[in-house]
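Here's an informal walk through one protein model, written for someone who would rather be at the bench. Have the sequence and the 3D view open as you read.

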Amino acid sequence: MVTYSDIEEKDLPQIIDLYESYLNSGRYIRDSIREKFYKKDYPGVKACDSGEIVGFITWQEGIGFTYPHPELEEEIARIAGERRIYTLDGILLLEEYRSIGISEEMARRSRDMLMKRRVELALAEQWIYPDNVTIPARESLRGVGKAIYEKRVPMFYSELKKYRIRCPLCGSDCKCGALIELLEIGG
């Protein structure tokens with residue numbers, strides 16, 4: 001049976017391991033996750049089966065991408081104005097647990113968590129595979145809010161090598177793009 005709860009300090013090693021296995025890997029990623037968590041503003045929801053994490057959604061306060069994209073960050077900041085914004089830091093669900101409603105439940109719970117913090121906007125950097133079609137997280141995030149801004153950015157991760165980050169599909173020479181959405185929480 002799958003259970004849901006908030007991410008705790010004891011979960012960090014498993015979250016980092018899953019993140020590096022399926023999303024991005026490298027010291028920059030590991031250090032970034034730890035730093036955000038210990039700032040006490042890294043809310044997240046995990047899904048567990050028999051005590052093992054099988055999925056998670058994590059958020060960070062403010063605007064931030066996998067690595068800096070200053071022009072895009074400025075554009076988002078202008079749109080957000082004074083509204084409180086959090087950025088999706090990670091979303092993952094192991095393949096064998098997909099298509100049974102777990103990601104939707106994690107999204108609903110994370111939306112509720114953000115609403116309790118009086119967050120108005122959620123920024124989602126969604127990975128687009130090199131096929132330029134597949135966006136794994138897109139449907140899962142529908143439960144967080146309504147998109148008020150959307151932008152496809154080809155080759156979004158082209159500078160991974162500069163940050164010593166590796167893409168699980170492309171390695172350090174990443175060809176993946178990103179769909180950037182600004183979601184109105186609960187909208």
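What follows covers the sheet, its middle, the core and the cysteines.

Keep in mind that this is a predicted model.

**The sheet**

Start with the strands: seven of them make an open sheet, in the order 1-2-3-4-5-7-6, with mixed pairing. At the edges sit strand 1 (2–6) and strand 6 (145–153), each of which pairs on one side only. On average, and ignoring direction, neighbouring strands of this sheet are turned by 20 degrees against each other. Helix 3 (residues 70–80) packs on the sheet, where it touches strand 4 (85–93), strand 5 (121–128), strand 6 and strand 7 (177–185). The direction of helix 3 makes about 155 degrees with that of strand 6.

Here are three of the strand pairings side by side.

| Strands | Sense | Bridges | A bridge pair |
|---|---|---|---|
| strand 1 and strand 2 | antiparallel | five bridges | Val2 and Asp49 |
| strand 4 and strand 5 | parallel | three bridges | Thr87 and Leu123 |
| strand 5 and strand 7 | antiparallel | eight bridges | Trp127 and Ala178 |

**Strand 5 and the way into it**

Strand 5 turns up in two of those rows, pairing with strand 4 and with strand 7. How does the chain get there from strand 4? The path runs through helix 4 (residues 102–116), and this β-α-β crossover is right-handed.

How many residues of strand 5 are buried? Eight of its eight residues are. Leu121, Leu123, Glu125 and Trp127 are covered on one side, while Ala122, Ala124, Gln126 and Ile128 are covered on the other. Note that Glu125 and Gln126 are on that buried list along with the rest.

**The core**

In soluble globular proteins, nonpolar side chains tend to be buried together. In this model, the largest nonpolar core has 61 residues. Which members touch the most others? They are Phe56, Trp59, Val144, Phe156, Tyr157 and Ile180. Strand 4 supplies the largest share of this core, with six residues.

Phe156 is a good one to click on. Setting aside neighbours within four places in sequence, Phe156 is in contact with Phe65, Tyr67, His69, Leu72, Glu125, Cys176, Gly177, Ala178 and Ile180. Glu125 is one of the buried strand 5 residues, and Ala178 is the bridge partner of Trp127.

Another one to look at is Leu114, which lies in helix 4. Leu114 has a relative accessible area of 0%, so it counts as buried. Not counting residues up to four places away in sequence, Leu114 touches Pro43, Trp59, Tyr86, Val119 and Ile185. Leu114 and Leu183 are 69 residues apart in sequence, and their C-alpha atoms are 12 Å apart in space.

**The cysteines**

How many disulfides does the structure hold? Zero. For Cys167, the closest cysteine sulfur belongs to Cys174 and is 3.7 Å away, which is too far for a bond, because a disulfide needs the sulfur atoms within 2.5 Å. Cys174 is in no disulfide either, and its nearest cysteine sulfur, that of Cys176, is 3.7 Å away. Are these cysteines buried or exposed? Cys167 has 5% relative accessibility, so it counts as buried. Cys174, at 2% relative accessibility, counts as buried too.

How values were computed: Residues numbered from 1 in each chain as written. Predicted model: local features only at pLDDT ≥ 70, side-chain atom pairs only at ≥ 80, totals over all residues. Heavy atoms only, no water. Pairing = 2+ DSSP bridges. Helix = DSSP H or I, 4+ residues; strand = E, 2+ residues; numbered from the N terminus. Axes fitted to C-alpha atoms, helices over the stretch in contact; angles between N-to-C directions. Contact = heavy atoms within 4.5 Å. Buried < 20%, exposed > 50% of the residue type's maximum accessible area, 1.4 Å probe, protein only. Right-handed = clockwise from strand over helix to strand, strands pointing away. Core = buried A, V, L, I, M, F, W, Y, C linked by side-chain atoms within 4.5 Å.
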